[in-house]
Amino acid sequence: MDCQASLHSACRTMHAPFNAFTSGSGIVQTENRSNALPLRILGTGEHVPATCVESHALDRRWKKATGWTLKHAGIERRYYAGDHETTSSMGAMAARAALKAADMQAGELDCIVSACSVMEQAIPCSGVLIQRQLGLAESGIPAFDINATCLSFLAALDLLSMAIAAGRYRRVLIVSSEIPSAGLREDDAETAMLFGDGAAAVVLGAAEGTDGAELLGTHFETYSAGADLCQVRSGGTRIRPRTHLAEFLQGACFEMQGRATYRMAAQRLPGFLDKLFERAQVSLTQLRCIIPHQASAKGLAHLESALKLPADMLVKVLATHGNQMAASIPVTLHHAITSGRIRRGELMALVGSGAGLSFGGAVLRY
């Protein structure tokens with residue numbers, strides 16, 4: 001099936017009717033969703049890094065005409081971490097904001113999960129460093145990482161929702177903090193213009209009683225045929241700096257085959273969305289909004305056009321944040337909640353793609 005046919009198939013499936021009704025409270029309820037998990041977003045927070053980088057400043061760096069970066073990236077500004085900011089310090093700032101929104105103290109957490117694309121250092125994991133930044137160094141609260149590159153937040157949401165439903169944890173903090181500016185080639189304008197640093201955090205807990213908050217379904221797909229399309233070759237065990245220092249340094253920056261990545265994502269996305277909405281047993285018309293990974297203006301426009309979405313369906317922060325890798329989806333979620341784009345009882349879908357090439361999505365009732 002070609003791309004266009006697949007897109008039409010996705011649209012037909014997502015507009016198909018499902019068992020749903022509206023209660024007197026205005027909250028849409030559904031029947032027979034055996035896979036739904038009781039899950040409540042207790043609070044969200046964001047940290048904006050210290051240095052604002054306007055697109056016209058990048059025009060000057062690359063000796064382009066004024067407006068070139070904005071025209072090609074669709075991004076007015078992005079933020080870069082200052083010299084004093086680290087992945088863990090930024091993550092901890094976002095976490096404190098999320099805990100305040102949840103009216104909780106850090107010591108009340110049962111688990112801390114770092115869901116970042118690139119760790120602050122190789123060992124220990126970033127979850128440990130975030131725990132220390134939160135003043136919990138002697139707490140014993142478990143802290144670890146879940147990494148699925150740009151889909152790390154969604155992967156953590158999927159796994160931790162099951163742990164909460166099983167009673168393993170009651171309140172979990174997920175932190176996505178990214179500093180892509182540390183790994184960008186300054187002379188690679190087509191890649192560097194897309195990215196910005198940032199951090200977001202979400203506190204999750206079990207929904208109680210007739211709360212109605214739930215995770216209706218998730219879906220993930222990976223196609224390792226695209227493993228080389230987006231990569232940082234160094235930093236693991238394959239290229240060893242003791243014996244191959246020059247190759248290690250050469251592979252230390254982010255490399256992306258942008259056009260090939262876009263083509264592969266566009267081909268696979270419709271079928272992926274079909275399965276996500278089928279698993280969640282919802283139709284597109286039931287959703288209040290879609291919170292996508294802010295990969296690029298071209299990618300967002302393609303999603304909006306292909307699915308014939310209403311103008312206000314997609315929540316976008318790309319123009320003021322850039323692509324923040326794994327932090328992109330939780331940052332957008334935070335803005336959707338604080339701006340009133342999503343309200344309690346309404347349905348939303350979180351969707352994205354990541355290096356791999358992978359797709360991930362979740363449908364929640366907020």
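Which loop holds Lys-63? Lys-63 lies in the loop between α2 (55–61) and α3 (68–73). The structure above is a predicted model, so here is a friendly tour of a few places worth a look: a five-stranded sheet, two helices, some backbone angles and a pair of cysteines.

**The open sheet**

- Five strands make up an open sheet with the order β4-β10-β9-β7-β8, and their pairing is mixed.
- β4 and β8 (143–145) are the edge strands, each pairing on one side only.
- On average, neighbouring strands of this sheet are turned by 20° against each other, with direction ignored.
- Inside the sheet, β7 and β9 run parallel and are joined by four bridges.
- If you would like a pair of residues to pick out on screen, Ile-112 has Leu-173 in β9 as its bridge partner.
- As background, the strands of a sheet pair through backbone hydrogen bonds, in either a parallel or an antiparallel way.

**Helices around the sheet**

- Helix α4 (residues 87–101) has 15 residues, which should span 21 Å at 1.5 Å a residue; its end C-alpha atoms are 21 Å apart, so expectation and model agree.
- Among the buried residues of α4 are Thr-87, Ser-88, Ser-89, Met-90 and Gly-91. The list also includes Ala-92, Ala-94, Ala-95, Ala-98 and Leu-99.
- These buried residues of α4 pack against β4 (40–47), α5 (126–133), β9 (171–178) and β10 (198–205).
- Asp-103 follows α4 and has a positive phi, near 55°.
- Helix α12 (residues 328–338) lies across β4, β9 and β10, and runs at about 110° to β4.

**Cis peptide bonds**

- One cis peptide bond leads from Ile-123 to Pro-124, with omega near 0°. Pro-124 sits in the loop between β7 (111–114) and α5.
- Another cis peptide bond joins Gly-356 and Leu-357, where omega is about 0°. Leu-357 is found in the loop between β15 (347–354) and β16 (358–365).

**Positive phi in loops**

- Back at the loop we began with, Lys-63 has a phi near 55°, a positive value in a residue other than glycine.
- Is Lys-63 buried or exposed? Its relative accessibility is 76%, so Lys-63 counts as exposed.
- Gln-281 also is not a glycine, yet its phi is positive at about 55°. Gln-281 belongs to the loop between α9 (258–280) and β14 (287–292).
- With 25% relative accessibility, Gln-281 counts as partly exposed.

**Cysteines without disulfides**

- How many disulfides are there? The count comes to zero, where a disulfide would need a pair of cysteine sulfur atoms within 2.5 Å.
- For Cys-116, the closest cysteine sulfur is in Cys-125, and the two sulfurs are 10.0 Å apart, which is too far for a bond.
- Cys-116 counts as buried, because its relative accessibility is 5%.
- For Cys-150, the closest cysteine sulfur is in Cys-230 at 7.8 Å, again too far for a bond.
- Cys-150 is buried too, with a relative accessible area of 14%.

Methods. Residues numbered from 1 in each chain as written. Predicted model: local features only at pLDDT ≥ 70, side-chain atom pairs only at ≥ 80, totals over all residues. Heavy atoms only, no water. Buried < 20%, exposed > 50% of the residue type's maximum accessible area, 1.4 Å probe, protein only. Helix = DSSP H or I, 4+ residues; strand = E, 2+ residues; numbered from the N terminus. Expected span 1.5 Å × (residues − 1). Contact = heavy atoms within 4.5 Å. Pairing = 2+ DSSP bridges. Axes fitted to C-alpha atoms, helices over the stretch in contact; angles between N-to-C directions.
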